[in-house]
Amino acid sequence: MKKLNISVSSLYDFDSVVIVNGKEVRTKDPKKRKAEYTVETDGETASVAFFSISPFQSKFYLIYAVLYFIITVFGIFAERKKPSERRFSYRADIELPYDENDVKIEFLPFGDGKRFCAVTSACRINETENEYVLDKDLKKRIRRAKRFKFYAFAMIAVICALLIIL
Amino acid sequence: MTEKQIVSDFLASERKAKFARLLLTYAVTAAVLCIMYALSSVLTVMFVVVYYMTAIAISAILIVGTLGLIFFDENHLLKKMFSVNFENAFDIINKIAPSIKFVLLAGSILAALSALIYAKSGSRQAVKGRVIFGMVLAALSVIASIVLFIGGGQ
């Protein structure tokens, strides 16, 4: 069995997923901008996918956004996390020559279309994807959700006003 | 599992974590408000005891002093004596006590806001512990409030 240790140093707060050989890997000791992932594998190479996820990628993002807005009393009790249209994606095949293999991933400053991370390792790495993206679809969804929240708030305000008057 | 399924599961678990954190926020807010209510009841009871004791002490001094002046008032000090009206003293204290309750209510609102900050962030793994802690705190404070309310706190 070969071990792959991935340490990630992040510049930004992204919700992200690490997938090695088709299985999600979770960090045991979550910290804000540093994470360590450990995987054991039989093979000589590990296929690594590391990418960000936004709640606005969900199919029913609009319904969830409006419902959450209402149950948090119009956002009063909502978490203060600004949604971002930025995302990153990293895919690589890493050779595992040793019993214990270390890979260090360091985030680089954001730039649309630019490399998202610098990877340091003694292992041979064949990168297929390594980029930051300003996702226009995500941007549209975020704006749509904001608009619907506003309409929901306006509708409830009108209903309350009518109830008070009547 | 495919990548799409992993992403879908991740989003579902993040929604659950968000909902759990929201529940915790509400639980901690309710707990803090209950504790502040209970505390205000306790403090009011203590205040009542203190001012009754003070009133009794003042009365004792005045009764002894008055009797002394009656029996030994060669200089007619009784007529000149300034008489303290106990009802006035209670009125003053009753005016102060409601103000203290308002101060405690304001304190509880501030405590509830700070509870919001406490429950706001947390990793997926850390949420469970905080939810349990918040629920236990809320339950204890509700029990404390009921006990005090039944026990006759104001």
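Which residue caps the N-terminal end of helix 2 of chain A? In this predicted model, that job falls to D135(A), with a side-chain oxygen sitting 3.0 Å from the backbone nitrogen of D137(A). The helix that follows covers residues 136-165, 30 residues in total. From first C-alpha to last, helix 2 of chain A reaches 43 Å, close to the 44 Å expected at 1.5 Å a residue.

Part of this helix is tucked away from the surface. Its buried residues are L138(A), I142(A), A145(A) and A152(A). An α-helix has 3.6 residues a turn, so residues three or four places apart point the same way. The cover over the buried residues of helix 2 of chain A includes helix 1 (61-71) and strand 6 (86-95) of chain A.

Next comes the meeting of the two chains. Here, 20 residues of chain B are in contact with 26 residues of chain A. Together the chains bury about 2,000 Å², and 63% of that is on carbon and sulfur atoms. On the chain B side, the biggest losers of area to chain A are E3(B), I6(B) and F10(B), which together make up 25% of what that side buries.

E3(B) turns up again in the one salt bridge counted between the chains: its partner is R91(A), and their closest N and O atoms are 2.8 Å apart. As for the helices of chain B, helix 1 (3-72), helix 3 (86-120) and helix 4 (124-151) each supply at least two residues of the side touching chain A. Helix 1 of chain B gives the most, with 14 residues. Sorted by class, that side of chain B has nine nonpolar, four polar and seven charged residues.

Definitions and conventions
Residues are numbered from 1 along each chain as its sequence is written. Chains are lettered from A and ligands numbered from 1 in the order in which they are written. This is a predicted model: local features need pLDDT of at least 70, side-chain atom pairs count only at pLDDT 80 or more; totals for chains, interfaces and linings use all residues. Side-chain values use heavy atoms; hydrogens and water are left out. Contact means heavy atoms within 4.5 Å. Buried area is the accessible area (1.4 Å probe) that two parts lose on being put together, summed over both. A salt bridge is a side-chain nitrogen of Lys or Arg within 4 Å of a carboxyl oxygen of Asp or Glu. Helices (H or I, at least four residues) and strands (E, at least two) are DSSP runs, numbered from the N terminus. Ala, Val, Leu, Ile, Met, Phe, Trp, Tyr, Cys and Pro count as nonpolar, Asp, Glu, Lys and Arg as charged, and the others, Gly among them, as polar. The expected span of a helix is 1.5 Å times one less than its number of residues. Buried means under 20% relative accessible area, exposed over 50%, partly exposed in between (1.4 Å probe, protein chains only). A polar contact is a pair of N or O atoms within 3.5 Å; within protein, one must be able to donate a hydrogen and the other to accept it, and residues adjacent in sequence count only if both atoms are side-chain atoms.
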